[in-house]
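Take a moment to look over the model shown here before reading on. The paragraphs that follow go through its chains and then through some of the places where helices meet.

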Amino acid sequence: MNTVTNPVTPVPDRKKQNKFVRFLNSKKVVPFVFISPFVLSLLLFTVYPAIQGVMMSFQSVLPGQVEFIGMSNYERVFNPTFYRAVSNTTIYVILTVLILTIIPMVLAVILNSKHVRFRNIFRASLFIPALTSTIVGGMIFRFMFSEQDSAVANQFIGFFGFDSVKWMFSPWAAILLMVLLASWRWIGVNILYFLAALQNVPDEMYEAAQIDGATRMQRFRFITMPMLKPIIVFVSTITIINGFRMFEESYVFWAVGSPGNIGLSIAAYIYQQGIQQNDMGFGAALGVVLMLIIFVISIIYLIATGTFKKEGR
Amino acid sequence: MKKNNSKLLSIIATVVMAIVSLIALFPIISMVLSSFIPSSSLMRNGISFSFPWSELTLSNYTYIFTQSAEYWTWYGNSLWISALMIVLSLFFSSMVGYALAMYDFKGSNLFFVAVVFILMVPFEILMLPLFQLMIDMMLVDTYLGVILPGIVAPVAVFFFRQYALGLPKELMDAARIDGSTEYGIFFKIMLPLMGPSLAAMAILQGLGSWNNFLWPLLVLRSNDMFTLPLGLATLLTPYGNNYDILIAGSVMTIIPIVILFLFFQRYFISGLTVGGVKG
């Protein structure tokens, strides 16, 4: 560039700039000005509440009256309702991880093959459910899975000779409803992750395998799957984390009171205790336990899938 | 022989995808259709494969446009909150992402690691203390109370940083020589170049805010402050007395988004898959 040949001389009329402006415009200060509003809001709305959340879990919080009560919030955590919430949430997580990893992967492989036509239309159609809110999606599901014989879900199982089910009032169906709602909304997004990853698999690998006589299934098993491993780990990890945080899927079907807690999730239990019962200290303790659960399971999962080993190399 | 084989495969794969796409679209299509039948019929039968074509009517829509001021209040609230949220969070986080990418400053790496770490703190642990903070700041039942905690958007910082790393730094030097200030460089030259990333993040933040439920549920108290998801959720009673507003109202919250999606597909996709950006 020609600017390099001209020595950079201070522009004369800049001399009038006062010291403060020059200070603000120095390269040392500028980045801090840029990040300061963000840092302030981060401290106020994330860091402070995070610390406060841990503190609150050791407190009894009533308006104008806060006192430390040691571990007694935590002693109350392990009760039958909590176990119910944990088991509901765990089943939900296992099912969503299986569905939201395997199905999008298979569909992405089909979509990525040269055989499929109208690829963009299919991709867009599968993505559209992600645009709906859980509330609107859940409302539609309530009408599709309502207890009448005439509703879609009962018509469907009736076609195979089963009796109608009261979907929102039987334990296994309650979890299934939440799993189906979440799966319906997220499949399209996960397909996009897999499609992006599939672009990185070189065609030559398939050609070489084909020459060596590998069948279609063998090519999927020994080329596609290993190449997709990082994205499988990524997709299943975010599904696990989001699964343990599940709240809206439960709220949209039963608000906060499902019969016999068949739809209660850990996050819904936090809301119920912390906000509705106004027992903030206990709610905060539940929050800390939830965070530990998420943390431990993510670490175990990442170690089991060998993610850390790969990075350490 | 081989050619026939691949033709058959092509048909099978296309048919499979068509069926899966239809299943994905079925709930949306049936919601739109159901908004054109009387809500009493929907209440009685649920969404059914045997659609009552003879009962088609516009009554839900005439009702919502003429009788339901409440619904439009929620709509207005949602629009306001989403718009403010987009502007503020983009403004804050684009500056941060840009600063991280373009300047070497003390602690920049540490700061970036902190941002990524904060990405992983679940909202559920922040929720109760944040609510307490809103009570202390007297922001309960205000727009500001809904918006403020949402302007911290570490995902957006992450995304803007990645995008800004790809911008030409020579432009900055050239502008400096022309006497532009560092801030002028950002707002007049670099920010416009970040347009595509701004669009993607506007969609991510906007959609997130438009569909957000848990936080507004805590902060907002009075019916005339509710956003659309909150308002619609209050209509989800087992008695069905408000289903005319519920179903037509839901259609009108989702259809504008679907239309936007069809026009700006590329930005929606890069915005909603931001989690996959590699560091």
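In this predicted model, the centres of domain 1 of chain A and domain 2 of chain A, taken over C-alpha atoms, are separated by 41 Å. The division behind that distance places residues 8–56 of chain A in domain 1 and residues 75–312 of chain A in domain 2. Chain A as a whole contains 14 helices and two strands. For its 313 residues the globule rule gives 20 Å, and because the radius of gyration of chain A is 27 Å, well over that value, chain A is more spread out than a compact globule. Along the principal axes, the box filled by the C-alpha atoms of chain A is roughly 90 × 75 × 40 Å.

Chain B can be read in the same order of topics. Its domain assignment gives domain 1, covering residues 2–62, and domain 2, covering residues 68–276, and the C-alpha centres of these two domains of chain B lie 32 Å apart. How many residues of domain 1 of chain B are in contact with domain 2 of chain B? Ten residues of domain 1 take part, and they are in contact with twelve residues of domain 2 of chain B. Chain B has 15 helices and zero strands. Its radius of gyration is 24 Å, whereas the globule rule gives 19 Å for 279 residues, and since the value for chain B is well over that of the rule, this chain is more spread out than a compact globule. The C-alpha atoms of chain B fill a box of roughly 75 × 75 × 35 Å along the principal axes.

We can now turn to pairs of helices, beginning with a general point. Two packed helices are described by the angle between their axes and by the distance between those axes.

Within chain B, helix 10 (residues 182–193) and helix 11 (residues 195–211) have axes that come within 5 Å and cross at roughly 70 degrees. Because angles from 65 to 115 degrees count as roughly perpendicular, this crossing makes helix 10 of chain B roughly perpendicular to helix 11 of chain B. In the contact, B:Leu191, B:Pro192 and B:Leu193 of helix 10 meet B:Gly195, B:Pro196 and B:Leu198 of helix 11. By class, these contact residues comprise five nonpolar, one polar and no charged.

Other pairs join a helix of chain A to a helix of chain B. The axes of helix 2 of chain A (residues 30–56) and helix 5 of chain B (residues 108–118) come within 13 Å and cross at roughly 40 degrees, which means that helix 2 of chain A is oblique to helix 5 of chain B. The crossing of these two helices is left-handed. On the side of chain A the contact is made by A:Ile35, A:Phe38, A:Val39, A:Leu42 and A:Thr46, and on the side of chain B by B:Phe111, B:Val115 and B:Ile118. Seven of the residues in this contact are nonpolar, one is polar and none is charged.

Helix 6 of chain A (residues 134–144) and helix 14 of chain B (residues 243–263) have axes that come within 10 Å and cross at roughly 130 degrees. Helix 6 of chain A and helix 14 of chain B are therefore oblique to each other, and their crossing is left-handed. Here A:Val136, A:Met139 and A:Phe143 meet residues of helix 14 of chain B, including B:Tyr243, B:Leu246 and B:Ile254. The residues of this contact divide into seven nonpolar, two polar and no charged.

How values were computed:
Residues are numbered from 1 along each chain as its sequence is written. Chains are lettered from A and ligands numbered from 1 in the order in which they are written. This is a predicted model: local features need pLDDT of at least 70, side-chain atom pairs count only at pLDDT 80 or more; totals for chains, interfaces and linings use all residues. Side-chain values use heavy atoms; hydrogens and water are left out. Axes are lines fitted to C-alpha atoms, for helices over the stretch in contact, and angles run from 0 to 180 degrees between N-to-C directions. Helices (H or I, at least four residues) and strands (E, at least two) are DSSP runs, numbered from the N terminus. Angles under 35 degrees count as roughly parallel, over 145 as roughly antiparallel, 65 to 115 as roughly perpendicular and the rest as oblique. A crossing is left-handed if the near helix is turned anticlockwise from the far one by less than a right angle, and right-handed if clockwise. Contact means heavy atoms within 4.5 Å. Ala, Val, Leu, Ile, Met, Phe, Trp, Tyr, Cys and Pro count as nonpolar, Asp, Glu, Lys and Arg as charged, and the others, Gly among them, as polar. Domain bounds come from an automatic or database domain assignment. The radius of gyration is taken over C-alpha atoms; the globule rule is 2.2 Å times the number of residues to the power 0.38.
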